[in-house]
Structure formats: structure tokens, C-alpha cells
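Please open the structure in your viewer and keep the sequence panel visible. The tour proceeds one selection at a time.

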Amino acid sequence: MNLIPFLICFPFVVAIFMYLIRNNKIRNGVAYASLVVIMATVVWLLVDFISHGAQGTPILIENELTELVILIAEVGLMFLVVYQCFVHRKYLISLLSIVQT
């Protein structure tokens with residue numbers, strides 16, 4: 001059941017590589033290849049989930065410190081998005097970011 005951490009980390013790693021690649025053709029190839037990998041992993045996760053009786057499994061242990069760090073990061077990102085929206089005069093997007101948080 002190591003597929004869920006992979007689905008969390010893999011797009012992040014691909015995003016770093018895509019930031020470093022300047023050639024658009026290579027960047028498009030990396031995007032399509034990572035798309036195929038992510039879709040195949042999701043299908044694999046779905047088949048694994050159904051084959052084990054469709055029962056959920058605990059992924060993380062609840063921890064107050066972890067939840068606090070995630071909350072602080074989420075609020076910080078919300079402020080960053082709102083600031084960027086006001087700089088670029090996209091007020092509706094800033095409202096949606098505030099509501100979502």
C-alpha cells in the first residue's frame with residue numbers, strides 16, 4: 001500500500017524536473033509520461049482497493065503537531081495566493097482561495 005505516498009510525492013518530483021527543463025518538447029514529453037505513470041498507479045490502487053474487499057486502511061497516525069504544521073502551511077499558502085491575486089487583480093480567485101481555506 002505504498003501507492004498513496006508515491007501519488008503524493010511523484011508529481012512534486014516531476015514538477016521540479018519540469019521547472020529545470022527549458023525545452024518545451026522535452027517538457028511536454030515529461031508531462032505526458034508522468035501522466036501515464038500517475039494514471040496507471042491510480043488504476044493499480046483502485047484494483048488493489050477493490051480486490052481487498054473495498055476496506056479503507058489507515059495511512060497516517062494522527063498527530064497534533066503534524067496537523068498544526070499542515071494548518072499553518074495551508075494558511076500561509078492562502079495568504080500567498082491572495083497576495084498574488086491582488087497584485088494581478090484577480091479578485092474572484094482570491095475569494096475562492098479564502099473560502100476554500
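The stops below follow the chain from its beginning.

This is a predicted model, in which local features need pLDDT of at least 70 and side-chain atom pairs count only at pLDDT 80 or more, while totals for chains, interfaces and linings use all residues. Residues are numbered from 1 along each chain as its sequence is written, and side-chain values use heavy atoms, with hydrogens and water left out.

Select residues 3-20, which form helix α1. Helices are DSSP runs (H or I, at least four residues), numbered from the N terminus. The end C-alpha atoms of α1 are 26 Å apart, in agreement with the 26 Å expected for 18 residues at 1.5 Å a residue; the expected span is 1.5 Å times one less than the number of residues.

Next, select C9, where α1 bends by about 25 degrees. The bend is the angle between axes fitted to the seven residues ending there and the seven starting there. A proline, P11, follows within four residues.

Now select L3, F10 and V14, the buried residues of α1. Buried means under 20% relative accessible area, exposed over 50%, and partly exposed in between (1.4 Å probe, protein chains only). Helix α2 is included in what covers these buried residues.

Move to S51, in helix α2 (residues 24-51). Its relative accessible area is 54%, so S51 is exposed. The side chain of S51 reaches the backbone oxygen of D48 at 3.0 Å.

Finally, select R89, in the loop between α3 (64-87) and α4 (91-100). R89 counts as exposed because its relative accessibility is 66%. Most residues other than glycine have a negative phi. R89, although not a glycine, has a positive phi of about 55 degrees.

How values were computed: Helix = DSSP H or I, 4+ residues; strand = E, 2+ residues; numbered from the N terminus. Polar contact = N/O pair within 3.5 Å; in protein donor to acceptor, adjacent residues only side chain to side chain. Contact = heavy atoms within 4.5 Å.
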